[in-house]
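Please open the model in a viewer and keep the selection panel at hand. The tour below proceeds by stops, each naming what to select and what is found there.

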Amino acid sequence: MTIVKIVFHSGSGNTKALAEAVHKGSNQFADTELMEIKSNMITEGRFENKEFLNKLDKADAIIFGSPTYMGMVSGQMKCFLDATSERWMSQAWNSKLAAGFTTSLGLSGDKQSTLSYLVTFACQHGMIWISCDTPNSLFQGKSLEEATNRLSSNTGVMSQVNFGEEFKPTPGDLLTGEALGIRVAKLTKNFNK
Ligand SMILES: Cc1cc2nc3c(=O)[nH]c(=O)nc-3n(C[C@H](O)[C@H](O)[C@H](O)COP(=O)(O)O)c2cc1C
């Protein structure tokens, strides 16, 4: 069975909602686990959870999700990513597949910077990055709420969420996340044939 892990950090739940949508898609075609980075896994600025990292060693694909904080991944996500450097030394994750998603408040919000960094991170590990190929369905006349990939992001999935607890990623953004999950699971299955 193909194993896909979704590693994410979420401060106020928006990225978590998107992670759950990605999981919904991926889990249809692969054994998929949501793995949340929690602040208590970080001590004195270092991510310390061996079990968490060991689980990822067994994955065929890893999908990374983070809110955009100050134009980059969140500090918590970065602590986790830095903790993978031992794997980098031995290239233990070489040729695993990878993909990513992010949420932010601004329409742009510099989300591209977050996704571009995740691509760089994945490439350092020799991982193979999977793009987001979901069409922007604003072109088919869908509303901003319902449209898939309304932000026209192909590096990974982007969701813009308005400020306030009543707001979560739009139905269209969640569908885009789900489609990324499906795509990663299917491509990983074919890749490992
Ligand atoms: C410390 C901090 C920095 C942020 N920086 C940005 C930013 O650079 N661009 C942006 O559009 N939104 C920014 N935001 C808003 C978050 O990206 C947005 O609310 C996001 O959906 C939060 O995701 P979460 O609910 O998973 O934590 C920032 C929020 C915080 C708390």
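Begin with the largest pocket of this predicted model, which holds about 370 Å³ of space. Its lining consists of 23 residues; select Ser-12, Asn-14, Leu-105, Val-161 and Phe-163, which are the closest to the centre of the pocket. Next, colour the elements H1, E5 and E7, each of which supplies at least two residues of this lining. The largest share, three residues, comes from E5. By residue class, the lining of the largest pocket divides into 14 polar, seven nonpolar and two charged residues.

Now display the ligand. Which pocket does the ligand take up? The space that the ligand takes is the largest pocket. To locate the elements around the ligand, select helix H1 (14–26), strand E5 (61–69) and strand E7 (97–104): these are the elements that give two or more residues to the shell around it. E5 again deserves a look, as the largest share of this shell, three residues, comes from that strand.

The next selection is the shell itself. The ligand is surrounded by 16 residues, and the closest of them are Ser-10, Gly-11, Ser-12, Thr-15 and Thr-68. Twelve residues of the shell are polar and four are nonpolar, while none is charged.

Three contacts of the ligand may then be inspected one at a time.

- Select the side chain of Ser-12: an N or O atom there is 2.5 Å from an oxygen atom of the ligand.
- Move to the backbone of Asn-14, where an N or O atom lies 2.8 Å from an oxygen atom of the ligand.
- Turn to the side chain of Thr-103, which has an N or O atom 2.8 Å from an oxygen atom of the ligand.

Then show the surface of the ligand. On its own, the ligand has 640 Å² of accessible area, and the protein covers 73% of that area.

For the final stop, leave the ligand and go to the second largest pocket, where about 310 Å³ of space lies. Of its 14 lining residues, select Phe-47, Glu-48, Leu-53, Ala-83 and Glu-86, the closest to the centre of this pocket. Which elements give two or more residues to the lining here? They are strand E4 (46–47), helix H2 (50–57), helix H3 (75–82) and helix H4 (85–90). Colouring the lining of the second largest pocket by residue class shows six charged, four polar and four nonpolar residues.

Key:
Residues are numbered from 1 along each chain as its sequence is written. This is a predicted model: local features need pLDDT of at least 70, side-chain atom pairs count only at pLDDT 80 or more; totals for chains, interfaces and linings use all residues. Side-chain values use heavy atoms; hydrogens and water are left out. A residue is near a molecule or strand if one of its heavy atoms lies within 4 Å of it. A polar contact is a pair of N or O atoms within 3.5 Å; within protein, one must be able to donate a hydrogen and the other to accept it, and residues adjacent in sequence count only if both atoms are side-chain atoms. Accessible areas come from the Shrake-Rupley method with a 1.4 Å probe; for residues, only the protein chains shown count as cover. On a 1 Å grid over the protein atoms alone, a cavity is a set of points where a 1.4 Å probe fits but cannot get out, and a pocket is an open set with protein on both sides within 12 Å along at least five of seven lines; lining residues have an atom within 4 Å of a point. A molecule sits in a cavity or pocket if more than half of its atoms lie within 2 Å of its grid points. Helices (H or I, at least four residues) and strands (E, at least two) are DSSP runs, numbered from the N terminus. Ala, Val, Leu, Ile, Met, Phe, Trp, Tyr, Cys and Pro count as nonpolar, Asp, Glu, Lys and Arg as charged, and the others, Gly among them, as polar. Grid points are joined across faces, edges and corners, and a volume is the space filled by probe spheres set on the points.
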